[in-house]
Amino acid sequence: MIAALRRLARERGLSVWLVGGAPRDALLGLPALDLDVAVPAQPRAAEDLARALASAGFGTLVALSEEPPRVYRVAGRRHMVDLAELERRTITEDLGRRDFTANALAIDLSTGQWLDPYAGTDDLARRRLRLVRRENLSDDPLRTFRAARFVATHGLAPDRAVSEACRAFGPRLAQVAPERIGAELTRLLEAPRIVPAWRFAVRTGLLSPALRPGTPAGLWKAAGRTLSCLEPDPAARLPADRRRILRLAAIARALGLGPGEAAAWLRHLRRGSGEAGRVARLLEAEGAAARLEPSAGPWAWIHDSGDAAEDALFLLVAERPAARSLARRLRLALASARRRRRARGWPEVSGSDVMAWTGGAPGPKIGRLLRDARIEILAGRILSRGAARRWAEGRAASTTP
C-alpha cells in the first residue's frame with residue numbers, strides 16, 4: 001500500500017505525507033493497518049490519488065467530506081487509507097493542529113524524511129502523552145477521551161498539562177456525537193489492559209459526560225474495581241470482541257443496571273442492538289448463576305446461558321468474590337459437557353423432532369419439552385437420538401391430561 005502510494009503520488013508530481021498513527025505506531029513496533037495521508041490542497045489532488053488507489057485494487061472509494069478540506073477513504077479487506085487535504089499552508093502548520101505530540105509526526109513519502117516539529121519521538125521514547133497546544137483539545141473535546149484511550153492502547157502516561165486540559169474540556173464531551181465517542185470507547189475496551197486508563201478517566205471526570213451524564217463518580221470507581229478484578233486474567237487473554245462485551249457488562253453491573261436497562265443504555269450510546277443484546281444476555285446469565293441454590297443442578301443454567309456461560313462466570317467472580325466456589329462448580333460442569341460433546345458427538349434435537357415424536361403442535365408445551373430434552377443431553381443422560389425420542393415420548397405421555 002505505501003509503495004503504491006509513493007509511486008502514484010510521484011507520477012502526479014505530488015508531495016504527500018504519512019501522518020499521525022502510522023508513524024507513531026511504527027516507532028512503537030505496532031502494526032498499522034489504517035493509514036492517514038496528507039495531500040496538498042490542490043484542486044482534485046486528493047480525489048485523484050484516492051481514485052488511483054481504488055483503481056489499483058486497494059479498496060472501495062468513499063468521499064468522507066466533499067467540502068474543503070476534502071477527505072477520501074479507500075477501504076479494502078485488510079487496509080484502509082484516508083487521504084485528506086492539508087488544512088494549513090504547510091505540513092508543519094497542519095501538524096500543529098493535532099492533539100498530542102505523539103500524533104504530530106509525518107513521513108514525506110517522496111523522500112522518506114521524518115517531520116517531528118513537537119518532539120513527539122522523544123515523548124514516545126519516554127512513553128509520555130503531551131499536548132501540542134492546549135487549545136487543540138478545546139477545538140475538539142473528543143480528544144480528552146482519546147487521551148484516556150491512548151493510556152490503554154499505547155501505555156502512554158499523560159503529563160500534568162494533559163490532565164488539566166481534560167478536566168477543563170471533558171464536560172463538553174456531552175455535546176460530542178455518540179458515534180464518535182463510541183469509536184474511542186471500542187478501542188479502549190478492546191485493549192488488553194484498561195485499568196490505568198479508567199482511573200485516569202475517573203480522576204479527570206471524563207466518564208459521566210462521555211457515557212452517562214449525572215452518574216456519581218463513586219459508581220465509575222466501583223466499575224474500575226470490577227474491571228481490575230478481570231485483569232490481567234481473564235480479560236487479557238480473551239479475543240478483543242469478547243473482552244469488550246465482558247467489560248461493558250462489568251461497567252453496567254457496577255452502575256446498577258439490569259439487563260434491560262443496560263441494553264437501553266447501550267442503544268442510547270449508539271452501540272448497536274447486537275452488542276446491547278449480548279451484554280444483556282451476559283448480565284442475565286451472571287444474575288441467574290448468582291441466584292442458584294447450592295443444591296441445584298448446573299445443567300439448566302448451562303443450557304439457558306448458552307455461549308454467554310463462560311464469560312458470565314468471569315463476571316460473577318469479579319462482582320462477587322464469595323461466589324468462587326459456585327463458579328468453580330459451574331465451570332467444571334461446563335467443561336464436562338464440552339468434553340462429552342467432543343468425545344461422543346452430540347445428539348441434535350429440534351422442535352420439529354419433538355413434534356414428530358410426540359404428535360404435538362407448535363406451542364409452549366413443545367418448547368418446554370425441547371428445552372428439557374436438551375438439558376438432559378447436557379447432563380449426559382441422553383446420548384443418542386433414539387434415546388431422545390424415547391425420553392420425549394415418555395415425558396409427553398406422562399404429562400398428557
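Reader: Let's fix one term first: angles of 65 to 115 degrees count as roughly perpendicular. With that in hand, at roughly what angle do the axes of α13 and α14 cross?

Author: At roughly 115 degrees, and the axes come within 10 Å. Note that this is a predicted model. Helix α13 covers residues 240-254 and helix α14 covers residues 259-268. Since the range runs from 65 to 115, α13 and α14 are therefore roughly perpendicular to each other.

Reader: Left-handed or right-handed, that crossing of α13 and α14?

Author: The crossing of α13 and α14 is right-handed.

Reader: And which residues make the contact?

Author: From α13, L248, I251 and A252; from α14, A262, W265 and L266. By class, the contact of α13 with α14 has six nonpolar residues, no polar ones and no charged ones.

Reader: Now α7 and α9. How do their axes cross?

Author: At roughly 15 degrees, coming within 9 Å; α7 is residues 142-154 and α9 is residues 178-190. Angles under 35 degrees count as roughly parallel, so α7 and α9 are roughly parallel to each other. The crossing of these two, α7 and α9, is left-handed.

Reader: Which residues meet there?

Author: On the α7 side they are L142, F145, R146, A148, R149, A152 and T153. On the α9 side they are R180, I181, E184, L185, R187 and L188. The contact of α7 with α9 divides into seven nonpolar residues, one polar and five charged.

Reader: Different topic, the sheet. What is the strand order?

Author: β3-β4-β5-β2-β1-β6-β7, in an open sheet of seven strands with mixed pairing. β3 (60-65) and β7 (114-115) stand at the edges with a single partner strand each, so one side of each has no neighbour in the sheet.

Reader: Start from the β7 end. How many bridges does β7 form with β6?

Author: Two, in the antiparallel sense; β6 is residues 106-108. A106 stands opposite L115 in β7.

Reader: Which strands does helix α1 touch?

Author: Helix α1, residues 2-11, packs on the sheet and touches β1, β2 and β5. The direction of α1 makes about 15 degrees with that of β2.

Reader: On to the β1 and β2 pair, then: parallel or antiparallel?

Author: Antiparallel, with three bridges between β1 (residues 17-19) and β2 (residues 34-39). L18 has V37 of β2 as its bridge partner.

Reader: And β2 with β5, how many bridges and in which sense?

Author: Six bridges, in the parallel sense, with β5 at residues 80-85. V37 turns up again here, standing opposite L83 in β5. D34 has M80 of β5 as its bridge partner.

Reader: What about β4 next to β5: how many bridges join them, and which way do they run?

Author: β4, residues 71-75, is joined to β5 by five bridges, and the two run antiparallel. One of the bridge pairs is V74 with V81 of β5. A hairpin of four residues connects β4 to β5.

Reader: Some single residues to finish. D25: buried or exposed?

Author: Buried, at 10% relative accessibility; the cut-off is under 20%. D25 lies in helix α2, residues 21-27.

Reader: What does D25 touch?

Author: Leaving out residues up to four places away in sequence, D25 touches L30, P31 and H154.

Reader: And A222, buried or exposed?

Author: A222 has a relative accessible area of 19% and is buried. It sits in helix α12, residues 217-229.

Reader: How far is A222 from L255?

Author: The C-alpha atoms of A222 and L255 are separated by 8.0 Å, with their positions 33 residues apart along the chain.

Reader: Last one, M355. Where is it, and what is its relative accessible area?

Author: M355 is in helix α19, residues 351-358. Its relative accessible area is 23%, so M355 is partly exposed.

Reader: Which residues is M355 in contact with?

Author: Setting aside neighbours within four places in sequence, M355 is in contact with G360, A361, P362 and I366. From C-alpha to C-alpha, M355 and A392 are 9.4 Å apart, and they are 37 residues apart in sequence.

Key: Residues numbered from 1 in each chain as written. Predicted model: local features only at pLDDT ≥ 70, side-chain atom pairs only at ≥ 80, totals over all residues. Heavy atoms only, no water. Axes fitted to C-alpha atoms, helices over the stretch in contact; angles between N-to-C directions. Parallel < 35°, antiparallel > 145°, perpendicular 65-115°, else oblique. Left-handed = near helix turned anticlockwise from the far one by under 90°. Contact = heavy atoms within 4.5 Å. Nonpolar A, V, L, I, M, F, W, Y, C, P; charged D, E, K, R; others polar. Pairing = 2+ DSSP bridges. Buried < 20%, exposed > 50% of the residue type's maximum accessible area, 1.4 Å probe, protein only.
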